[in-house]
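Trainee: I'd like to go through this one with you and see how the labels are earned. Could we start with the cut-offs and then work outwards?

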Amino acid sequence: MVINFTQTNLQLRNMDFSLSEEHIMIRDAARDFAQTELLPGVIERDNKQEFPQALVKKMGALGFMGIMVDPKYGGSGMDTISYVLIMEELSKIDASASVIVSVNNSLVCYGLEAYGTEEQKQKYLTKLATGEFVGAFCLSEPEAGSDATSQKTTAIDKGDHYLINGTKNWITNGGRADVYLVIAQTDKDKGSHGINTFIVEKGTPGFDIGPKEDKLGIRGSDTHTLQFNDVKIPKENRIGTNGSGFRFAMKTLSGGRIGIAAQALGIASGAYELALKYSKVRKAFGTEICNHQAVAFKLADMYTDIEAARMLVMKSAWDKDQGQNYDKSSAMAKLYASKIAMEHTVEAVQIHGGNGFVKDYHVERLMRDAKITQIYEGTSEIQKIVISRSLIKS
Ligand code: CAA
């Protein structure tokens, strides 16, 4: 039997798993920021459900709000590998910070840079990429979450403007954002081809922001329901060609899934590092608990799964940087990284015993934060749809 390795997506030549000096510098800068600026106050922010705008500005000053955006639009001009390194480091400490970064980068800046007009880029992207503005991506609705083509929000063409009506929910950055990318149905009969994306500015008459959701995890990040009642949007605020809104959302979400996979990886590795450290100092039955096989084997499983997740995350980032299709690889990275984040944050709590159940030890927060990575930007079940359809089509 002849095995045809070209059928796999692996390039076995020139495999190099080391990071460049530049990537190491970027990772270390994010690690340093997370330790010095995010760690102090992370428990209080989680309790109070807040994330100060001053910290968002600091992330903007470091270039974290427009990581992959072209410097001519105020971005950092880095690659996707840099993006996942930054996301992992921020997420080890504060997943609320990293979701603000992820949505702004992958769903808003990317969408505008890839599909926006030059005027839209000059007007909005330049401010979003520097952290002067924060963006939100508005796809989910009370009756259209996973089934994203079933948009009920309408945008009616009125000649020189569109009139938007409807409700969006679970919107990350929903309260703090300045710019909202709103996906709405413009022609019901055309199905997924009758959907468009619009730029809506905060403060537009008829656009109302509902109360902040009281969430299990990522409590520092603000999630809101948004109401649109006869919101008048100029024609020039539509992104892309007429009817391209669903494909815009799907392409943008594919990149978003790389960011959330990196977030899940960071949550898992943050929990692992805390568990390892704790197990080396906590004693039971006359020895440090890491010397008990019951704990040591948990650490071995955690580390192995984290390394496997890292390979998938890096592969999807590499696919994007190489200009290859990353729909499947980003779905695989998110599916696996979010699964092990959930499993191993539970194990990290277990290794900490009673201490794991109290807030001061951080692992209970990481466990709560892990859950959303299996839900937002496409549930695990949606990732399996994307992966399996791609396999069957090939
Ligand atoms: N790129 C380009 N086009 C795509 C695409 C992609 N990745 N995926 C689908 N399309 C196109 C299809 O080719 C098809 O086009 P044609 O009609 O021309 O053939 C069209 O879009 C419709 O596609 P499907 O028939 O596959 O649509 P579907 O109804 O079966 O749904 C789905 C596909 C993958 C399940 C999709 O609905 C989906 O991803 N759902 C999950 C939505 C999601 O991730 N929501 C998260 C909310 S955002 C969020 O969480 C942000 C936050 O604040 C953190």
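Mentor: Sure. Buried means under 20% relative accessible area, exposed means over 50%, and partly exposed is in between. Keep in mind that this is a predicted model.

Trainee: Then why is Asp222 called buried?

Mentor: Asp222 has 6% relative accessibility, and the cut-off for buried is under 20%, so Asp222 counts as buried. You'll find Asp222 in the loop between β6 (207–212) and β7 (223–234).

Trainee: What is Asp222 in contact with, leaving aside its neighbours within four places in sequence?

Mentor: Ile171, Thr172, Asn173, Gly174, Gly175, Arg176, Lys212 and Lys215. With Gly175 there's a polar link too: the side chain of Asp222 reaches the backbone nitrogen of Gly175 at 2.6 Å.

Trainee: What makes that a polar contact?

Mentor: The distance is 2.6 Å, and a polar contact needs N or O atoms within 3.5 Å.

Trainee: Asn173 is on that contact list. Is Asn173 buried or exposed?

Mentor: Buried, because its relative accessible area is 0% and the limit is under 20%. Asn173 sits in the loop between β3 and β4 (179–185).

Trainee: What stands out about the phi of Asn173?

Mentor: Its phi is near 65°, a positive value in a residue other than glycine. Most residues other than glycine have a negative phi. His362 has a positive value as well, with phi near 70°.

Trainee: Where is His362, and why does His362 count as buried?

Mentor: His362 lies in the loop between α9 and α10. Its relative accessibility is 17%, which falls under the 20% cut-off, so His362 counts as buried.

Trainee: What makes α10 "largely enclosed"?

Mentor: Helix α10 (residues 363–372) has 10 residues and 7 of them are buried, so the helix is largely enclosed by the rest of the structure. The buried ones are Val363, Glu364, Arg365, Leu366, Arg368, Asp369 and Ala370.

Trainee: What do those buried residues pack against?

Mentor: α2 (42–48), α4 (80–93), α5, α7 and α9 (327–352).

Trainee: Let's go the other way. Why is Ser18 called exposed?

Mentor: Exposed needs over 50%, and Ser18 has a relative accessible area of 52%, so the label applies. Ser18 is in the segment before α1 (21–38), and a polar contact of 2.6 Å joins the side chains of Ser18 and Asp16.

Trainee: And what makes Ala284 only "partly exposed", if I may put it that way?

Mentor: Its relative accessible area is 23%; that lies between the 20% and 50% cut-offs, so Ala284 is partly exposed. Ala284 is in strand β9 (residues 283–284). Leaving aside neighbours within four places in sequence, Ala284 is in contact with Ile289 and His292.

Trainee: On to the core. Which residues touch the most other members of the largest nonpolar core?

Mentor: Of its 86 residues, Leu38, Phe51, Met59, Leu90, Leu112, Phe137 and Val313 do. Helix α7 (residues 245–281) gives the largest share of this core, 16 residues. Apart from it lies another core, of 17 residues, including Ala155, Ile164, Ile171 and Tyr180.

Trainee: What does Leu112 contact, apart from neighbours within four places in sequence?

Mentor: Gln120, Lys121, Tyr124, Leu125, Leu128, Ile199 and Ile239.

Trainee: Now the ligand. Which residues come nearest?

Mentor: There are 26 residues around the ligand, and Ser146, Thr172, Arg257, Glu377 and Arg389 come nearest. A polar backbone atom of Ser146 is 2.8 Å from a nitrogen atom of the ligand.

Trainee: How do you know that Thr172 and Arg247 make polar contacts with the ligand?

Mentor: Check the distances against 3.5 Å. A polar side-chain atom of Thr172 lies 2.8 Å from an oxygen atom of the ligand, and for a polar side-chain atom of Arg247 the distance to a ligand oxygen is 3.0 Å. Overall, the protein covers 72% of the 1100 Å² of accessible area that the ligand has on its own.

Trainee: Which element gives the most to the shell around the ligand?

Mentor: α7, with 6 residues. By type, the shell divides into 12 nonpolar, 8 polar and 6 charged residues.

Conventions
Residues are numbered from 1 along each chain as its sequence is written. This is a predicted model: local features need pLDDT of at least 70, side-chain atom pairs count only at pLDDT 80 or more; totals for chains, interfaces and linings use all residues. Side-chain values use heavy atoms; hydrogens and water are left out. A nonpolar core is a set of buried Ala, Val, Leu, Ile, Met, Phe, Trp, Tyr and Cys residues joined through side-chain atoms within 4.5 Å. Buried means under 20% relative accessible area, exposed over 50%, partly exposed in between (1.4 Å probe, protein chains only). Helices (H or I, at least four residues) and strands (E, at least two) are DSSP runs, numbered from the N terminus. Contact means heavy atoms within 4.5 Å. A residue is near a molecule or strand if one of its heavy atoms lies within 4 Å of it. A polar contact is a pair of N or O atoms within 3.5 Å; within protein, one must be able to donate a hydrogen and the other to accept it, and residues adjacent in sequence count only if both atoms are side-chain atoms. Accessible areas come from the Shrake-Rupley method with a 1.4 Å probe; for residues, only the protein chains shown count as cover. Ala, Val, Leu, Ile, Met, Phe, Trp, Tyr, Cys and Pro count as nonpolar, Asp, Glu, Lys and Arg as charged, and the others, Gly among them, as polar.
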